Structures are given as C-alpha cells and as structure tokens.
Amino acid sequence: MNEKTKALRAALPYTIPVLTGYMVLGTAYGILLSSKGYSFLWSALTSLFIYAGSMQFVSISLLAAGFHPLYACFLTLMVNARHLFYGISMLSEFQGTGKKKPYLIFGLTDETFSLLCSAKAPAGIDKGWFMFFITLLNQIYWVCGSILGSIVSSLFHFNTMGIDFVLTALFVVIFINQWKSTGNHIPVLTGLCASVLCRIIFGSSNFIVPAMIAILIFVTVFQNKIESRNT
Amino acid sequence: MLFTATQSLVFFGTISLTTILIRFLPFILFPENKETPQYITYLGRVLPYTIIGMLVIYCLKDISFTETPYGLPEAISIAAIIVLHLWKSNTFLSIGAGTVIYMLLVQFIF
C-alpha cells in the first residue's frame, strides 16, 4: 500500500461522526437553498467554494434582505471570525505540508479543526496526508449532502429531527478528551466560562466575537500563570 | 431566484472570498520562513483548549431556560455522553448513543 492509501485508511474512521453530521446538515442546506429557487448546481458551487456551514445558512436568510454585497462581507467577517483562532492554533501543525497546505487552510471548518485537534496520525502514517484526507473527506460529505438535499427535497420519510445533535455530541466528546489530556484546566474553563457569560450578556446571535475577545484578554493577562502550570 | 445570476455570483463570491481571507490571514501574517513571535506560539498552544468549549456553547446557544423544554433534552443527552465517555472511553459509542438519546427525547418525549 502506498503512503496516500495508508493515510486515507487511517483518516476515514475519524471522520465518521462528521459524515453523519455533514450529510444531514448539508441536506438541510440544499433543501433550504432550493426553496429559494436555486438549483443543485448552486448548492454544489457554494459548498465547494464557501464551505462554511453556519455562514451558508446565514447567507440564505440574507438573500431575502436584498442585494447588499458589502453587508454580506461584513456579516461573514463577524460569523467566521472564530476561524482566526483555528489558523493561529494550526500554524505549527501545518508547517512543512507543502502543496497540501493551501487546501488544509481552505478546508479548516469547525468540525475539521476539532478533528485535527484530537486525532493524531498513527505511527508510520504521513501526518500531512492524514490531515489532508480528514479535510478532503469532510468536504466531500458536505458537498454530497448539499447536492442530495437539492435533488431529493421532498422524498425524505425517515424522521431525522434532532440528528444534527451529532455535531454537538462530537464537540462534547472532544471537550472531555481535552479535559482528560491535561492537568491544567484553566484554558478549557476559560473558553467555557467566557462563552457562557457572553451568551448571557450579548444574546445568542452576537456573542462569539465578544467571547473571543474575552478569551484573548484572559489568556494574555494570565500568560505566566498558565504557562507555569503547563509543565 | 430573488437575484439575477450575476448578482448571485457576486453575492456568493463575496462570502466565499471573505471566508477564504479569514482562514488564510493567520498564515499570511506568520509565514513558515519567518520566526513566529513567542506570544503567537503561546496562543497557538493555548487557544485549542479554549475553543472547543466555545463550540459546545455555540451549539447550545439557542436553548431557552424559561420556555419548555428548558434545555432538558440537551442536558440529559450531554450528561449521558459524559457518563458514557468517562466510563467506556469509546468515541463512537458516546457520540452515537448521545445522538440517539437526543433524537428519542425531542421526537417522543418533549
């Protein structure tokens, strides 16, 4: 077996929870977009080139607000600001991945990021290709899901209500793994508490950016304390 | 379609380019061939531990504790995931069982 096949086989099992979540959410996205009169080609294009789930859902509600590209740009900055944190966290992980690097950066969604945080390439597997296939498989699920949704809009009989909880479950499990992996729980608690507080203060649609700022301030002010406990 | 094809292209194109810009920005500011400032390296180590908690809260952001079902389906399912995962440490079991419990709760009980 060559290097790539091995990496693909190692990556596949880790992506199964995302397969479930993305097929379901992607289908929901396809159904919504087609309800606005857009064919499966538009679902495919947007999922290929935007590839940011929550922003794609927001874009559908923006369609009704009229043609305002600047506003769309501003809202994208707000909704996707959390990706700045993902990038900073992956600066050293993505080092030396060569030609694969631009795609790794392009495909760094919430779910791909959380998998790359927790799943490490097994011994003998090339790390770059391992991360590449996790990213690629996830995007394939997302694109297929959204095309499927556009095509079979009304054919669904199985009651899937609540199945999108699979992504929440994935994040909870990764949270527990992170908690167990370190004796220093200050950063984990910082993220949790800052988000809860900001959600209460700023409401459900505006709390991510304040939460990011609060996290930044806290980990900066207490840098010495956090680093000394990391040893 | 509410927009013309050209308007749609511009609209979705703007969202696409802005998303790409945000994702590439850290890598443009701190390229491989230059030494990354110590503070940024520190952030790179510590931020992953803060963001997953933020994502969990992001998923739960629309829960209301003042209206039925008061976030109970989520609370019960997450409690089940925590117990299962601490007990068995099996990722698929924890995620699968947690999701099925949640689906049963929202479809048949709440």
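**Exercise 1. Domains of chain A**

State which domains the assignment gives for chain A of this predicted model, and describe the contact between them.

*Solution.*
Step 1. The domain assignment divides chain A into domain 1, residues 3-176, and domain 2, residues 182-231.
Step 2. Taken over C-alpha atoms, the centres of domain 1 of chain A and domain 2 of chain A lie 25 Å apart. Five residues from domain 1 of chain A and seven residues from domain 2 of chain A make up the contact.
Step 3. Between domain 1 of chain A and domain 2 of chain A, about 560 Å² is buried, and carbon and sulfur atoms account for 93% of this area. On the side of domain 1 of chain A, the greatest losses of area to domain 2 of chain A fall on A:Met78, A:Phe85 and A:Phe175, which together give 74% of what that side buries.
Step 4. Polar interactions are examined next. The rule finds zero salt bridges across this interface of domain 1 of chain A and domain 2 of chain A, and the count of residue pairs in polar contact, both at pLDDT 80 or more, is likewise zero. By class, the side of domain 1 of chain A that touches domain 2 of chain A has four nonpolar residues, one charged residue and no polar residues.

**Exercise 2. The interface of chains A and B**

Determine how many residues of each chain take part in the contact between chain B and chain A, and characterise the interface.

*Solution.*
Step 1. The contact joins 67 residues of chain B to 93 residues of chain A.
Step 2. The two chains bury about 7,300 Å² between them, with 77% of it on carbon and sulfur atoms.
Step 3. Two salt bridges are found across the interface of chain B and chain A. A salt bridge links the side chains of A:Lys101 and B:Glu32, at 2.8 Å from N to O. There are also 17 residue pairs in polar contact across the interface of chain B and chain A, both residues being at pLDDT 80 or more.
Step 4. On the side of chain B that touches chain A, at least two residues come from each of α1 (5-29), α2, α3 and α4 (91-109) of chain B. Helix α2(B) provides the largest share, 20 residues. By class, that side of chain B comprises 43 nonpolar, 18 polar and six charged residues.

**Exercise 3. A buried or an exposed threonine?**

Locate A:Thr168, decide whether A:Thr168 is buried or exposed, and identify its contacts beyond four places in sequence.

*Solution.*
Step 1. A:Thr168 belongs to helix α10 of chain A, residues 165-181.
Step 2. The relative accessible area of A:Thr168 is 6%. Since buried means under 20%, A:Thr168 is classed as buried.
Step 3. Leaving aside neighbours within four places in sequence, A:Thr168 is in contact with B:Cys59 and B:Leu60.

**Exercise 4. Two loop residues of chain B**

Place B:Phe30 and B:Pro69 in their loops, and describe the surroundings of each.

*Solution.*
Step 1. B:Phe30 lies in the loop that runs between α1 and α2 of chain B. Beyond its neighbours within four places in sequence, B:Phe30 contacts A:Leu91, B:Thr36, B:Pro37 and B:Ile40. B:Ile40 is 10 residues away from B:Phe30 in sequence and 8.8 Å away in space, C-alpha to C-alpha.
Step 2. B:Pro69 is placed in the loop between α2 (38-59) and α3 (72-88) of chain B. The C-alpha atoms of B:Pro69 and B:Ile109 are 9.8 Å apart, with a sequence separation of 40 residues.
Step 3. B:Pro69 has a relative accessibility of 31% and therefore counts as partly exposed.

Conventions
Residues numbered from 1 in each chain as written. Chains lettered and ligands numbered in written order. Predicted model: local features only at pLDDT ≥ 70, side-chain atom pairs only at ≥ 80, totals over all residues. Heavy atoms only, no water. Domains from an automatic or database assignment. Contact = heavy atoms within 4.5 Å. Buried area = accessible area lost by both parts, 1.4 Å probe. Salt bridge = Lys/Arg side-chain N within 4 Å of Asp/Glu carboxyl O. Polar contact = N/O pair within 3.5 Å; in protein donor to acceptor, adjacent residues only side chain to side chain. Nonpolar A, V, L, I, M, F, W, Y, C, P; charged D, E, K, R; others polar. Buried < 20%, exposed > 50% of the residue type's maximum accessible area, 1.4 Å probe, protein only.
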